[in-house]
Amino acid sequence: MLIYYYDKTFEGLLTAIFDAFKLKQHVDQLLVEGDVEPLFVDKVHHVITDNRKYERVQIALKKRLSRFSLRQLMAVWFSELPESDLLIFRYLHKLFKTQNAIETDFADPDILAIRKIANKVSRECENLRQFVRFNLIKNPDTDSKAEKIYFAVIDPIYNALPLTIDFFYDRFADQKWAIYDQKRQFGYFYDLNKLEIISLNDDLLVNQKINDAYLDEDEKLFQKMWFRYCKALTIKERINPKLQRQYMPRRFWHHLPEIVGDKP
Amino acid sequence: MSDNITKKLEILAESAKYDISCASSGSTRKNSQGGIGAAHRSGICHSFTADGRCVSLLKIMLTNYCIYDCAYCINRRSNDIPRAGFTPKELANLTIEFYRRNYIEGLFLSSGIIKNADHTMERMIRVVSLLRNEHRFNGYIHMKAIPGTSSELISQAGLLVDRMSVNLEIPTEENLKLLAPDKDHQTIYQPMRHIHQNILENREDRKKFRSTPKFAPGGQSTQIIVGATDESDQQILQLTSKLYKRPSMKRVYYSGFIPVNSYDKRLPVTKDIPRVRENRLYQADWLLRFYEFDVNEIVNSEYPDLDLTMDPKLAWAVRNPHYFPVDINRDSYQRILRVPGIGVKSAKLIVLARRHRKLNLEALKRIGVVLKRAQFFIICHEMRSFKLQNASPEYIRLSLQERPLLESQQNQQLVMAL
């Protein structure tokens, strides 16, 4: 069994595919530097990320693949699923092995798997667009207390925030907002001009919820209005909680004012 | 003050909820300089209520006072329900506040009829123009056109909103006259025609001058109540397909009849909402729009009603065994699309994938074909023999129909209490 070690960056992955072709090797497993070596390893190769190598692969990729397929590969990368890197590696290996286009060969398990994972990730992006809920808060920075920011907390299963940020950037262009990914401990802040990556370290979040002390005076009122509105909109003769959960999975509920309502 | 608004919001949401349409699709608009919001081409559902329906737009009535007395409507004049009304400014502000929190995609504005159609329409237009011009709102707006509105007001409204709709409610004129004596089909079709003509003219104009503002870029939609009157599925679907002939008609919604005014003797007494029938009608609607079916293939004088125990595509396939087998590796996209168990997505994947290699059952399964249904109708590499020949239509019908339905079907029949 042949194992490649690399640095868990996309550039590193592209360098690895370069090395595999250069050395004419068949790679069985990709590991990150520092991982424990499995049993029965015959050979180990350490990939050193190299600008020249990965740029060559990048150029070849742009030549060979449509923009749609490139986006799919990016989505699979951002899924952060175990072995998603090996899947991309195998896909690229298949791509460069032949002169023919392979993008639509859906009878091939790897190509279909790429499509399926990419669909799952884009589903998660859609979920973010649907269920991000902004709360109007006072800026936790003490020197600019008067500043109001629309703030949202999320915990998506895939790292979908970087893939959807353009949507929020376009839509909410005239308000200051921030979206924070609790799971991955990073977020974006928009200050009417540009986006910047932020991290939180103060008491803004208590028990994974926004600290009430920071909420704007009217915020609770609008949340209550939205809760009462959604309740009024329900047709009682047609109650169907299973259908509701199917479209709006439970894992989003604790951030939604229409579900949490006026419970503390 | 704010309690007052919450109260109004509740009352007017109660009144608006029986409108099924909630799509926010069909229109793309980028954010303009300094404005708020954008419209997303495929629409976004921001929430789902406990009945499983999506909340995409702030679906609300400007007021639920109404001069009409339609039997099927919760807001009819003779009903004793709490009444309220928003001022255009209140409603516009509320929409913006909700939008900024990403609760909604935009506004769905409807209204009870006060004084007359034109007066009501003018008030609705005031809300929308506040949003578009003062708040510089670029989100989605769906507006009801009140039956009987003058064409000037329609042209004015269409330039501000994304989608317009006029609800047909009752498919045949005589039944409409019975249940809603104040309305007639003439006043409903008139605004529909105006919207359609305006959209077509606007398209021509936009070919000449790209800067011409768009007229209702999301087209128009309508709604039909199912089960309140005695129309057959054939009548409903014939009407639907006629409506879809106009390219501006994007959606026809079917609303299973809910007895909100059960005291009215003109309405049927029902135990339950005809959910299955509603579902079958939507399936037939999809066949018309995406599967290139003709309405007479789905319902005709021989089969005037849809089969409640199986979906209309399977029902058609069982009735037309001579059409099959379909060869997955050879036949055209259109033919593959007709196989039960293969949808638009799988059909497209099949057509793409078979260029690379012959597809076998394993590959079809992985692509997402429902082999349980499809196996009777296809042949492919590895499965050369054709199962339908060995199985009678009756056998397929029995093995594929949805069993629990058969039992509940008896409870669902409508009783006309006249």
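Biologist: What share of the 418 residues in chain B is buried?
Modeller: This is a predicted model, in which local features need pLDDT of at least 70, side-chain atom pairs count only at pLDDT 80 or more, and totals for chains, interfaces and linings use all residues. Residues are numbered from 1 along each chain as its sequence is written, chains are lettered from A and ligands numbered from 1 in the order in which they are written, and side-chain values use heavy atoms, without hydrogens and water. Buried means under 20% relative accessible area, exposed over 50%, partly exposed in between (1.4 Å probe, protein chains only). For chain B the buried share is 58%.

Biologist: What is the radius of gyration of chain B?
Modeller: Chain B has 17 helices and 10 strands (DSSP runs numbered from the N terminus: H or I, at least four residues; E, at least two). The globule rule, 2.2 Å times the number of residues to the power 0.38, gives 22 Å for 418 residues. Chain B comes close to that, so it is as compact as a globular protein of that length. Its radius of gyration, taken over C-alpha atoms, is 24 Å.

Biologist: Which three residues supply 16% of the area that chain A buries against chain B?
Modeller: In contact (heavy atoms within 4.5 Å) are 55 residues of chain A and 60 of chain B. The chains bury about 5300 Å², 56% of it on carbon and sulfur atoms; this is accessible area (1.4 Å probe) lost on being put together, summed over both parts. No other three residues of chain A give more than R171(A), Y229(A) and R238(A).

Biologist: Which residue of chain B meets E219(A) in a salt bridge?
Modeller: A salt bridge needs a side-chain nitrogen of Lys or Arg within 4 Å of a carboxyl oxygen of Asp or Glu. The rule finds 7 across this interface. In one, at 2.9 Å from N to O, the partner of E219(A) is R101(B).

Biologist: Which residues does D105(A) contact, leaving aside its neighbours within four places in sequence?
Modeller: D105(A) sits in the loop between α4 (84–97) and α5 of chain A. Its relative accessibility is 8%, so it counts as buried. One contact is in chain A and the others are in chain B: I111(A), A353(B), H356(B) and R357(B).

How values were computed:
Buried area = accessible area lost by both parts, 1.4 Å probe.
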